[in-house]
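Biologist: Before I plan anything at the bench, I would like a close look at a single part of this chain. Please take one residue and its surroundings, and explain how they fit into the whole.

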Amino acid sequence: MSLRLLTICAVAMLAACGSNRHCIGEFPYQRAATLAPPAEVEGLSTPESVAALRIPPAPAESVPYARNVLDPENPGSTRVQCLDVPPPMTIVPEADPAPAAAES
């Protein structure tokens with residue numbers, strides 16, 4: 001029984017580590033249309049607030065959600081890097097602290 005559970009866990013972990021990225025392709029929310037603001041109704045005035053949230057206009061050129069970058073683990077090949085995933089951090093070795101000045 002425990003071997004079966006171990007196998008199921010291993011398969012689930014491998015499935016989670018697949019190479020498919022969620023940022024590749026077009027999704028339904030990317031095709032959503034912006035609605036026009038409601039028309040003014042005669043006799044009603046809409047209050048203006050300085051604290052109102054404003055939706056900025058769409059950019060002139062679309063921004064890609066992913067890009068192909070060189071894969072450091074496989075030289076000569078590329079991999080997909082999503083914008084919502086931070087880039088890998090490089091570890092910089094710390095320099096030895098300066099020797100303490102001799103006290104006289």
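Modeller: Asp71 is a good place to begin, because with a relative accessible area of 11% it is buried, where buried means under 20% relative accessible area, exposed means over 50%, and partly exposed covers what lies in between (1.4 Å probe, protein chains only). The model is a predicted one, in which local features need pLDDT of at least 70 and side-chain atom pairs count only at pLDDT 80 or more, whereas totals for chains, interfaces and linings use all residues. Residues are numbered from 1 along each chain as its sequence is written, and side-chain values use heavy atoms, with hydrogens and water left out.

As for its place in the chain, Asp71 sits in the loop that joins β1 (66-70) to β2 (78-82); helices (H or I, at least four residues) and strands (E, at least two) are DSSP runs, numbered from the N terminus. Beyond its neighbours within four places in sequence, Asp71 is in contact with Ser77, Thr78 and Arg79, contact being heavy atoms within 4.5 Å.

With Arg79, the side chain of Asp71 forms a salt bridge at 3.7 Å, N to O, a term that requires a side-chain nitrogen of Lys or Arg within 4 Å of a carboxyl oxygen of Asp or Glu. The structure holds one salt bridge. Arg79 itself counts as partly exposed, because its relative accessibility is 28%.

The side chain of Asp71 also makes a polar contact, at 3.1 Å, with the side chain of Asn74. Such a contact is a pair of N or O atoms within 3.5 Å; within protein, one must be able to donate a hydrogen and the other to accept it, and residues adjacent in sequence count only if both atoms are side-chain atoms. Asn74 takes part again through its backbone oxygen, which lies 2.7 Å from a polar atom of the Ser77 side chain.

Ser77 likewise belongs to the loop between β1 and β2, and it counts as partly exposed because its relative accessibility is 25%. Leaving out residues up to four places away in sequence, Ser77 touches Val69, Leu70 and Asp71.

Val69 is also touched by Gln81, whose other partners, again not counting residues up to four places away in sequence, are Tyr65, Ala66, Arg67, Pro87 and Pro88. Gln81 is found in strand β2 and is buried, with a relative accessible area of 11%.

Turning to the whole chain, its secondary structure comes to one helix and two strands, which run α-β-β from the N terminus on. Buried residues make up 5% of the 104 residues. Of the contacts with a separation of 6 or more, 31% are between residues 24 or more positions apart. The chain exposes about 10,700 Å², of which carbon and sulfur atoms supply 63%, with areas taken from the Shrake-Rupley method with a 1.4 Å probe and, for residues, only the protein chains shown counting as cover.
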